[in-house]
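Thanks for coming. I will go through some backbone details, then a pocket, then a patch on the surface.

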Amino acid sequence: MTQHPDRLIFGAAYYDEYTPAAAGPDRLERDMQMMVDAGFTTIRIAEFTWGTWNPAPGVFDFTHIDRALDAAAAHGLDVIIGTPTAAIPTWLASRHPEVLGVTAAGPNKYGPRQNMNILAPAYRHYAEAAIRALAEHTAPRTHVVGFQLDNETKYYDAANTDIQRAFVDHLKARFGDGQEGLNALNSAFGLNYWSNRVGAWEDFPDVTGTINGSLAAAFDAFRRRLVTDFLAWQRAIVDEYRREDQFVTQNFDYEWRGYSFGIQPAVDHFQAADAVTLAGVDIYHPGEDHLTGREIGFGGDISRSLKDGDPYLVIETQAQGQMGWLPYPGQLRLQAYSHLASGACGVMYWHWGSLHNSFETYWKGLLSQDYTPNPTYREAVTIGRELGTHADSLAGLRKHNRIAIMVSNEAYTALEWFSLEAGFPRQYAGGGANYNDVFRWVYDALFDLNLEADIVPADAPVERLGRYAVLITPALYVTPQATTDALRAYVAGGGHLVTTFRTGVADENVQVFTDRQPHGLSALLGLGTDQFTRPDGVALRPVGALAAALGDDGIAADPAVAAELAASTFMELLTPVDAAAREGDAEVEVLAEYDHHAWSGPAVATRAVGAGSITHLATMTAPALARAVLRLVAERAGVTDWAQDLAGTVTVRRGTNGRGRELSYFLNYSHDAVAIALPVSGDDVLGTAAAPGARLEAGTTVTLPAWGVLAVEA
């Protein structure tokens, strides 16, 4: 079940505990009034403050919690209560040092947050006591609208002895606890290599030193399940106290590269989301001249897909943020509407007031350390007032996308072990591209084309896949037979499947298949591979329909244009499968070939299969070429329209709002004003081109200012 708040959420995290005394005794009151002035609806409190209100075992002091709750109630603000379990108190680490996580690098030290073993009995015991005390104390308050479970929960690389024991028990349950089970385990994981074969369960080695990618991947998958179980455990406790109208959420985060980048390797978001009634997310992104909207887009599309298209809450995003993120005039507003345009039911900043000491002193909130109104705060005032005024038009956006991208934690882990550019673990290869680089390669191409997409997990049933005209599987290295069967059924049902290099390579145990790659799909494609390499000086020559399409995309179809037509990262050498093995009568249509003194043959190819098709990109291309391929597939699948004509000028995000009317956002991620001929008729919700609510007719020339937003409600 998904629970939606009855109004758009706009707010920030707030910590009365962190406010220095020098700020004055009336600081809390002044903060609340400034929030009201900014149109805030909600604050988020309590997580990360376990040691403040639970200073010793069995001792609970809710002074700061009550101060914030009372002040919020007096000012008409809702409150989300965060369970505090992501940052343990000093007394817990001192009395029970075994709660600290032990990683491959050794035992964690006290100090950082998220440095614990979430399976440790002492941790669970005291965490449960804290959750119960907090929930019992706060749930009866009428303005407490929801609970947040933990914070950015992951397994934190912990590999403590009890976690490894639990993993071995899991393997016994999976394979059988006798000798036959051990034989099956050794066979599935290929443990004969380098004498890694396990002869007896009691001899099972410490897995942190393993050189076996199958065993390591199984351990990571097990630890992801621990996160799913941990959040479900917290949910069960909170459920004993919360009212039915109070939602439960969690702020899932993504792979971190100084900002949100791709899927999170240490959590299976789709499984863990079963523990919440409202999907929540952290989305951080480059700012200033580097603001593109792509991170807001992919983060929102994943979050929206966790509850099958229902609205989600942006629990954390940047206000001023870290160095290089100070928003230009207009950017904070553009960012807020970008979240709503992806289907968010609200936006909350990390955080209200900038800290005056400790680790995140210069991860700045909406206010700076002097607490005075600044340009960023003043822009938030504009946002809040607009959200309050136009909530009926802006709330409840739902998407009807015809394109989906399939993602896989298992493929991510496997490609950490068998890296794209070296074939052995990335940590030894010195980095290089990973799974998320391939995911973002296709996602960003769609985003730039104004082709919106949902995100689906690799175990999605064919019935769910059948909703989409186009399905893309970036680097789906691990493909259990059930997934392969679903992809085949999808194509047989008329779907247009797009696969990339490193798809259909290994089974769920990361054991490489013995047939041509992509496994189970090469007969549909009419091509397969058993050889691959890093492209070094390899160019691509578009041919046929792709060469014709490139003229419309502004790319010179000339191999001399190396930056636009170079192969990168990884390349498969595709050769025809035996005629007797091909499924269907259609010929292979080559869209691009390798242009090199040694390497030749198809680099991008497609083949019709009944009413469906399969298209394969055997190498990573420049972004422009990826866009051209995906646009061609989308056109053939019948999912293109006027939005693609605006690609490169403005970003278009669309859906149906809560009152059943079509809502189109036009977002200008540029420091220059842009003019467009409006492709749809409707009301100018925000008053970008006329008075708020004024009618705009299709064909009207509309100018969006730098970092501007136009929302048109049909």
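Tyr371 sits in the loop between strand 13 and helix 12. Helices here are DSSP runs of H or I with at least four residues, strands are runs of E with at least two, and both are numbered from the N terminus. This is a predicted model, in which local features need pLDDT of at least 70, side-chain atom pairs count only at pLDDT 80 or more, and totals for chains, interfaces and linings use all residues. Residues are numbered from 1 along each chain as its sequence is written, and side-chain values use heavy atoms, with hydrogens and water left out.

Back to Tyr371: its phi is positive, about 65 degrees, although it is not a glycine. Tyr371 counts as buried because its relative accessible area is 10%; buried means under 20%, exposed over 50%, and partly exposed in between, with a 1.4 Å probe and protein chains only.

His351 lies in the loop between strand 13 (344-350) and helix 12 (375-389). The peptide bond from Trp350 to His351 is cis, with omega near -5 degrees.

Where else is there a positive phi? Gln114, also not a glycine, has one of about 50 degrees. Gln114 belongs to the loop between strand 5 (106-107) and helix 5 (121-138), and counts as buried because its relative accessibility is 14%. A second cis peptide bond runs from Gln517 to Pro518, with omega near 0 degrees. Pro518 is in the loop between strand 17 (496-500) and helix 19 (522-525). I mention these because most residues other than glycine have a negative phi, and most peptide bonds are trans.

Now the pocket. The second largest one has a volume of about 700 Å³. A pocket is an open set of points on a 1 Å grid over the protein atoms alone, where a 1.4 Å probe fits, with protein on both sides within 12 Å along at least five of seven lines; lining residues have an atom within 4 Å of a point. The volume is the space filled by probe spheres set on the points, which are joined across faces, edges and corners.

Its lining has 36 residues, and Arg224, Asp268, Gln271, Ser408 and Glu410 lie nearest the centre. Helix 8 gives the most, six residues.

Last, the surface. Trp194 is in the loop between helix 7 (179-189) and helix 8 (213-239). Trp194 counts as exposed because its relative accessibility is 59%.
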